[in-house]
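Here are my notes from a pass through this one, in numbered points. Have the coordinates open while you read.

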Amino acid sequence: MNQNLLLTLNPGSSTIKLGLFAEAHESPRRIGSGMIDLRQTPLMLHISEGDEHFDVALRSELQEDLHDLIRETVDVLVKHFASDHFIGAGHRVVHGGDRFAGPTLIDDDVLAGIASLSHLAPLHQPRAVRLIEAFRKIWPNLPQIASFDTAFHRSQSPIERRLPIPRGLYDEGLKRYGFHGLSYKFIAGALAREAPEIAQARVVVAHLGSGASLCALDGGASQSCSMGFSTLDGIPMATRSGALDPGVLLYLLQAKQMSVPDLEDFLYHRCGLIGLSGISADARVLSESTDAAAVEAMAYFAGAIAREVAAKATSLGGLDGIVFTAGIGEHQPALRATVCKSLGWVGVSIDDQANAANARRIHAPDSRVSVFVLPTDEETVIASEASDILREQASRSRGSA
């Protein structure tokens, strides 16, 4: 019961992922994971401890106020892992705007700043705010740290961050921010360990999950991201449209007389794979279906990914490596094969057996571009950043004593 523990919270569009880390001298060590699928009824906490997995039914229901759900979840984790000495909670926050360039200790002012950006990431930001508020109510003295998805992309050039709109709007904050930065930060480090010579070169990472984006890395630093001002941009996703002709939006507002709230719901919840197929937002379901609409939806998805890889390669001035990651990227060999086949003209060639086995390296010996399948781990990045902030805080406290 005397281990120093860090808890991480990663709210997605349909899940809350949790990580439990033991604080060590060099870096936090994961001792367990949890995941709540917010689409399930009743809610279930899926716990992973090494190779063992456990499911625990939760009494709490999903409500606007997350206090009961968080209290019950942490109680279950404490009982399961027989440890309750928490020293901090790290939160994934999708949008940091121009204000937050790195991990930040949360106080009233920081929380207000995070909440003020909710309109830019309506699927994620409000839930992150509610999670922070829940912890503040239940454990008011527990330090909380925010890790921002947008921070990783601050290395992009001003030209890359611009939108083709009047310059005054850019000064007001209408610009490309980029997202999934915690995942890309982890992958940059993982690739440096797996293939350091490629990690220092020109690489496109495809983070393919319910939310999906691609990032161009040069020497491990972000140069361009398919998501820009909002989490709607780029390739189509499970239920989000991705990039869309602005004329379509004008048509829906004018000819279809769609209200702004209905348009927001349409773009975030009724487009992407669910809109293309009319069957499911789940790429696993669509990839196993022989329905013509499902096949077409996955073909469209693969084509959009391949086009974005080519666009990112153009921004890099060449292509030395591709990394597939996140749920779809790590576990959908057929999709990866289709994407890579479309990129044969730039020298991409994969080993079919390695790809089918979800191997870490799936390029063929004669491929001019290295292709990897690397699992991402946003929670580890959150824990590491939270640990760094807590140590800085402790060091300052000792210095002022």
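1. Let's start with cysteine 215, which is buried at 0% relative accessibility. This is a predicted model, by the way. The cysteine sulfur closest to that of cysteine 215 belongs to cysteine 225, and at 5.3 Å it is too far away for a bond. A disulfide here would need the two sulfurs within 2.5 Å, so the 5.3 Å between cysteine 215 and cysteine 225 doesn't qualify.

2. What about cysteine 271? Cysteine 271 is in no disulfide either, and its nearest cysteine sulfur, again in cysteine 225, sits 20 Å away. Cysteine 271 is buried too, with a relative accessible area of 11%. The disulfide count for the model comes to zero.

3. Both cysteines from point 1 turn up again around histidine 153: its contacts beyond four places in sequence include Cys215 and Cys225. The rest of that list is Tyr177, Gly178, Phe179, Gly181, Tyr184 and Ser222. Histidine 153 itself is in the loop between strand 8 (144-148) and helix 4 (158-161). Is that histidine buried or exposed? Histidine 153 comes out as buried, at 0% relative accessibility.

4. On to charges. Side chains of opposite charge can pair when their charged atoms come close. I have 17 salt bridges in the tally for this model. One of them joins arginine 59 and glutamate 72, with the closest N and O atoms 3.9 Å apart. The cut-off is 4 Å, so do keep that in mind when you look at the 3.9 Å for arginine 59 and glutamate 72. Arginine 59 lies in the loop between strand 5 (52-57) and helix 1 (67-81), while glutamate 72 is in helix 1, so the pair ties together parts 13 residues apart in sequence. The two ends sit in opposite settings: arginine 59 is exposed at 74% relative accessibility, whereas glutamate 72 is buried at 8%.

5. Next, aspartate 108 and arginine 136, whose side chains form a salt bridge at 2.7 Å, N to O. This pair links distant parts of the chain, since aspartate 108 belongs to helix 2 (residues 108-115) and arginine 136 to helix 3 (residues 125-138), 28 residues apart. Aspartate 108 is exposed, with a relative accessible area of 56%, and arginine 136 is partly exposed at 28%.

6. Two more charged groups to check. Arginine 270 and aspartate 265 meet in a salt bridge at 3.2 Å, N to O. Arginine 270 is partly exposed at 43% relative accessibility, and aspartate 265 is partly exposed at 32%. There's also a network of salt bridges linking Arg30, Asp377 and Glu379.

7. Finally, the nonpolar interior. Which residues touch the most other members of the largest nonpolar core? In this core of 63 residues, they are Leu191, Leu208, Ile305, Ile322 and Leu335. Helix 12 (residues 292-316) supplies the largest share of the core, eleven residues. If you zoom in on leucine 208, its contacts beyond four places in sequence include Ile235, Ile305 and Leu335. Leucine 208 also touches Phe324, Thr325, Ala326, Gly327, Ile328 and Gly329. Another core, of 28 residues, lies apart from the largest one, and among its members are Ala22, Leu43, Leu69 and Phe81.

Technical notes: Residues are numbered from 1 along each chain as its sequence is written. This is a predicted model: local features need pLDDT of at least 70, side-chain atom pairs count only at pLDDT 80 or more; totals for chains, interfaces and linings use all residues. Side-chain values use heavy atoms; hydrogens and water are left out. Helices (H or I, at least four residues) and strands (E, at least two) are DSSP runs, numbered from the N terminus. Buried means under 20% relative accessible area, exposed over 50%, partly exposed in between (1.4 Å probe, protein chains only). Contact means heavy atoms within 4.5 Å. A nonpolar core is a set of buried Ala, Val, Leu, Ile, Met, Phe, Trp, Tyr and Cys residues joined through side-chain atoms within 4.5 Å.
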